[in-house]
Amino acid sequence: MADILLTAWGNTSRGDDALGPLLLRHLQAWARTVHLAQHFEWVEDFQLQIEHALNLEGKTLALYVDAGQNTPAPFSFAPIFPLKQAWHTTHAMPPESVLAVFERMAHKPPCPAFTLCLKGETFGIKEGLSATAQNHLEAAQAFAKTLLQNPNPTAWNALASP
């Protein structure tokens, strides 16, 4: 069983909302070529759900990847922690809520977790990424490969955005 969880979400039919899934697919293909894929569990979905908390069981590290409109360019990377307040809906849950569900369900803290959020510009129904988002994706690909080559919470914290 893989000890590191990589979860990406977004709608590939909504312009730059595809950034998370596209990054995950690129990383998965790359990890196969460098013989690292077996260390990771790869999860892609349209949005985070309560059930995604189950993926955290037995993991030592987790990375959540998404697109955001108000994200600094080209991306932000930061540690995240379980929400302390209740989340009132299961629609469009943030990853911090997924961590909180795991904590309540498992009666233990989740593994160290981080978000990698890529800046998007257009999220309407259309095909393809904006040119700017394509540049952000390429920057995030290089950064994320560095993360996957050294899957260690201390190393990842050192790379976190201020």
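Me: Happy to go through this predicted model with you. Is Asp16 buried or exposed?
Reply: In this predicted model, the place of Asp16 is in the loop between strand 1 and helix 1. Its relative accessible area is 0%, and under 20% counts as buried. So Asp16 is buried.

Me: Thanks! Which residues does Asp16 touch, leaving out those up to four places away in sequence?
Reply: Contact here takes heavy atoms within 4.5 Å. Among the residues that Asp16 touches are Ala67, Leu129, Ser130 and Ala133. The list also includes Gly120, Glu121, Thr122 and Phe123.

Me: Let's follow Thr122 next. Is Thr122 buried, partly exposed or exposed?
Reply: Thr122 sits in the loop between strand 5 and helix 3. Residues that Thr122 touches include Arg14, Gly15, Asp16, Asp17 and Ser130, with those up to four places away in sequence not counted. Its relative accessible area is 32%, and values between 20% and 50% fall in the middle class, so Thr122 is partly exposed.

Me: How far apart are the C-alpha atoms of Thr122 and Ser161?
Reply: Along the chain, Thr122 and Ser161 are 39 residues apart. In space, their C-alpha atoms are separated by 24 Å.

Me: On to the rings. What kind of aromatic pair do Trp9 and Tyr64 form?
Reply: A search of the whole structure finds seven aromatic pairs. For Trp9 and Tyr64, the ring centres are 6.4 Å apart and the planes are at 65 degrees. Since planes over 60 degrees apart count as edge-to-face, this pair is edge-to-face.

Me: Which parts of the chain does the pair of Trp9 and Tyr64 tie together?
Reply: Trp9 counts as buried at 11% relative accessibility, and Tyr64 counts as buried at 1%. The two residues are 55 residues apart in sequence. Because of where Trp9 and Tyr64 lie, the pair ties together strand 1 (residues 4-9) and strand 3 (residues 61-68).

Me: And how are the rings of Phe75 and Phe143 arranged?
Reply: Phe75 and Phe143 are both buried. The ring centres of Phe75 and Phe143 lie 4.9 Å apart, with the planes at 40 degrees, so the pair is tilted.

Me: Where in the chain do Phe75 and Phe143 lie?
Reply: The pair links distant parts of the chain, 68 residues apart. Phe75, Phe77, Phe114, Phe143 and Trp156 form one aromatic cluster. As for the places, Phe75 is in strand 4 (residues 75-80) and Phe143 in helix 3 (residues 131-149).

Me: How far apart are the end C-alpha atoms of helix 3?
Reply: Helix 3 has 19 residues, and at 1.5 Å a residue they should span 27 Å. The buried residues of helix 3 include His136, Leu137, Ala140, Phe143 and Leu147. The end C-alpha atoms agree with the expected span, as they are 28 Å apart.

Me: Now a backbone detail. Which peptide bond is cis, with omega near -5 degrees?
Reply: This bond leads into Pro74. Pro74 is found in the loop between strand 3 and strand 4. The cis bond is the one from Ala73 to Pro74.

Me: One last question: is His107 buried or exposed?
Reply: His107 lies in the loop between helix 2 (95-106) and strand 5 (113-119). Its phi is near 60 degrees, a positive value in a residue other than glycine. The relative accessible area of His107 is 70%, and over 50% counts as exposed, so His107 is exposed.

Key. Residues numbered from 1 in each chain as written. Predicted model: local features only at pLDDT ≥ 70, side-chain atom pairs only at ≥ 80, totals over all residues. Heavy atoms only, no water. Phe/Tyr/Trp six-rings, centres within 6.5 Å; stacked < 30°, edge-to-face > 60°. Helix = DSSP H or I, 4+ residues; strand = E, 2+ residues; numbered from the N terminus. Buried < 20%, exposed > 50% of the residue type's maximum accessible area, 1.4 Å probe, protein only. Expected span 1.5 Å × (residues − 1).
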